[in-house]
Every structure is written in C-alpha cells, then in structure tokens.
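Thank you all for making time this morning. I would like to walk you through one model, beginning with the chain as a whole and then stopping at a handful of residues.

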Amino acid sequence: GGLHVNMDPKLLELLQETKWLIRLQITVPDSALEVIKQESRIKTYTQKLKQNVKGMKEVIESIPEPVRPVLSYQLQNLQTIIQPGLVTLTWANVNIDGFLHKMTNATNELKRTHDVVQNILATQVESFIQEIPNITFYKSCDEYLTCEMFVRTHTDYLNEQYTDLSYLITQIQAGLYNCVMSAISAANKSGYARKIP
C-alpha cells in the first residue's frame, strides 16, 4: 500500500445533504454547520494534499533501486516530514499549510538531488562503463609471429589495454564518489543530515 489522502467520500455526501437540508429550511446540527463552513478549506487541502502525494510518489518511483542508498538522507528526511500526516494531522489542524510547505520542499529537494546524481551517473559513470567493451585483450595478427614475438607484441598490447581499463575504472570510481558526495553535500546544506539518526 502506497500513500493516499484520507478523504472519506461520505464527508462530501454529508456536505451536499446538509446544503439541501438548509435550502429546505430544515434545522441541522451545529456540527454539520461547522463542516459546511470548512467545505472550501477541506476541498482545497484535499486537492493540494493529493497533488503533493502524487508528486512525491512520482519522484520516489523515478529513483532506480541501486540509487536509493545514495539518496538515503533525502528519503529519510521526506519520511520524517510526512510522518505527522500519517499519524497526527487531521482536517481540524490549523497548520496544514506548514505541513504542505515542508512536504513540497522535501520532495523538491529529493528531486533536485536525484537529478544531480543521475546527471553524474550519466556523464561520469555510465559513459565510461560503455567504453569498457571496446577494450580487447587479444590482438589478432595476420602475419606469422614467432612465440617470442607473439608474447612481446601481446604483452605490449595488454599493457596498453590495462592502462586504458585502469583509467576507465578510476573515472567510474570518481563518478560514484561524486554521486555520494553530492547527495551528502545537499543533505548537509539543507541541515537535515545531522538530524537523522
């Protein structure tokens, strides 16, 4: 089960029925009148919450599983921020705007950091990984070689290939390091890396 906005459709029915009872000049309980006064607020917050939950789900679902550990601070921060909405936040709360603001900021921070990490992966990791299949460890020769010449020729060739492969591996390691450090740096700038246990 994913997240969803807990808006009971029966509340909307109650609103409609209460409006009809008022139009028919039938006395309605004070609690129903209070709900009518909150109708616009409830509908507005329901829509905003649905948009936020949808946006958050889209961002989280766009993160490939292998990248999630890199974004653990951002994901944990988002989880911490939405916790009141899962446990204590009700329609009667006066700080729904604050909750929505924090949720939007945390989702946007996660998306920004994910975009940076994905960019680094594409330009500093995957591009070098794609070069690895171009490295061969056997050099074909059309001419006859003595055993000694074959060993010397291939030793030199393998040394060149080893140098090229070492360079690619070093670049891939540096790119992965940059991914992790970018995520940590973003968490530190936002100040929540120290708050998460």
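What follows is a short tour of this structure, from the overall dimensions down to single side chains.

Before anything else, please keep in mind that what you see is a predicted model, and that the values I quote are computed from it.

Let me start with the architecture. The protein chain has 6 helices and 0 strands, and, read from the N terminus on, its elements run α-α-α-α-α-α. As for the overall dimensions, the C-alpha atoms fill a box of roughly 110 × 35 × 20 Å along the principal axes. The radius of gyration is 29 Å, whereas a compact globule of 197 residues would have a value near 16 Å. Buried residues make up 27% of the 197 residues in the protein chain. The chain exposes about 13300 Å², and carbon and sulfur atoms supply 57% of that area. If we take the contacts with a separation of 6 or more, residues 24 or more positions apart account for 75% of them. Turning to charge, there are 19 positive and 20 negative charges in the protein chain, and the mean positions of the two groups are 15 Å apart.

Now to the aromatic side chains. How many aromatic pairs does a search of the whole structure find? The search finds 1 aromatic pair, and it is formed by Phe128 and Tyr167 in an edge-to-face arrangement, with 6.2 Å from centre to centre and 80° between the planes. This pair links distant parts of the chain, since Phe128 belongs to helix H5 and Tyr167 to helix H6, which covers residues 147-190, and the two are 39 residues apart. Their surroundings can be described separately: Phe128 counts as buried because its relative accessibility is 17%, while Tyr167, at 46% relative accessibility, counts as partly exposed.

Staying with helix H5, which spans residues 96-129, I would like to point out Val117, found in that helix. Is Val117 buried or exposed? Its relative accessibility is 1%, and therefore Val117 counts as buried. Leaving aside its neighbours within four places in sequence, Val117 is in contact with Val67, Val70, Leu71, Cys179 and Ala183. By contrast with those contacts, the C-alpha atoms of Val117 and Ile42, which are 75 residues apart along the chain, are separated by 38 Å.

Let us move on to helix H6, where I have picked out several residues. Gln161 has its place in helix H6, and, with a relative accessibility of 7%, this glutamine counts as buried. Apart from neighbours within four places in sequence, Gln161 is in contact with Ile135, Thr136 and Phe137.

Gln173 is also found in helix H6, but here the relative accessible area is 52%, so Gln173 is exposed; the cut-off that matters for this step is that exposed means over 50%. The C-alpha atoms of Gln173 and Gln124 are separated by 9.0 Å, although the two residues are 49 residues apart along the chain.

Gln124 comes up again with Asn178, a residue that lies in helix H6 and that counts as partly exposed at 30% relative accessibility. Which residues does Asn178 touch, once neighbours within four places in sequence are left aside? Asn178 is in contact with Ile120 and Gln124. Asn178 and Leu78, on the other hand, are 100 residues apart in sequence and 22 Å apart in space, C-alpha to C-alpha.

Cys147 lies in helix H6 as well, and at 64% relative accessibility this cysteine counts as exposed. Measuring tape aside, the computed C-alpha to C-alpha distance between Cys147 and Gly2 is 66 Å, with their positions 145 residues apart in sequence.

Finally, a word on a loop. Where is Gln25 placed? Gln25 sits in the loop between helix H1, residues 9-23, and helix H2, residues 30-37. Gln25 has a positive phi of about 60° although it is not a glycine, and, with a relative accessible area of 73%, Gln25 is exposed.

That brings me to the end of the tour, and I am happy to go back to any of these residues on the screen.

Terms used: Residues numbered from 1 in each chain as written. Predicted model: local features only at pLDDT ≥ 70, side-chain atom pairs only at ≥ 80, totals over all residues. Heavy atoms only, no water. Helix = DSSP H or I, 4+ residues; strand = E, 2+ residues; numbered from the N terminus. Buried < 20%, exposed > 50% of the residue type's maximum accessible area, 1.4 Å probe, protein only. Contact = heavy atoms within 4.5 Å. Rg over C-alpha atoms; globule rule 2.2 N^0.38 Å. Areas by Shrake-Rupley, 256 points an atom, 1.4 Å probe, with all protein chains shown as cover. Lys, Arg positive; Asp, Glu negative; His and termini not counted. Charge placed at Lys NZ, Arg CZ, Asp CG, Glu CD. Phe/Tyr/Trp six-rings, centres within 6.5 Å; stacked < 30°, edge-to-face > 60°.
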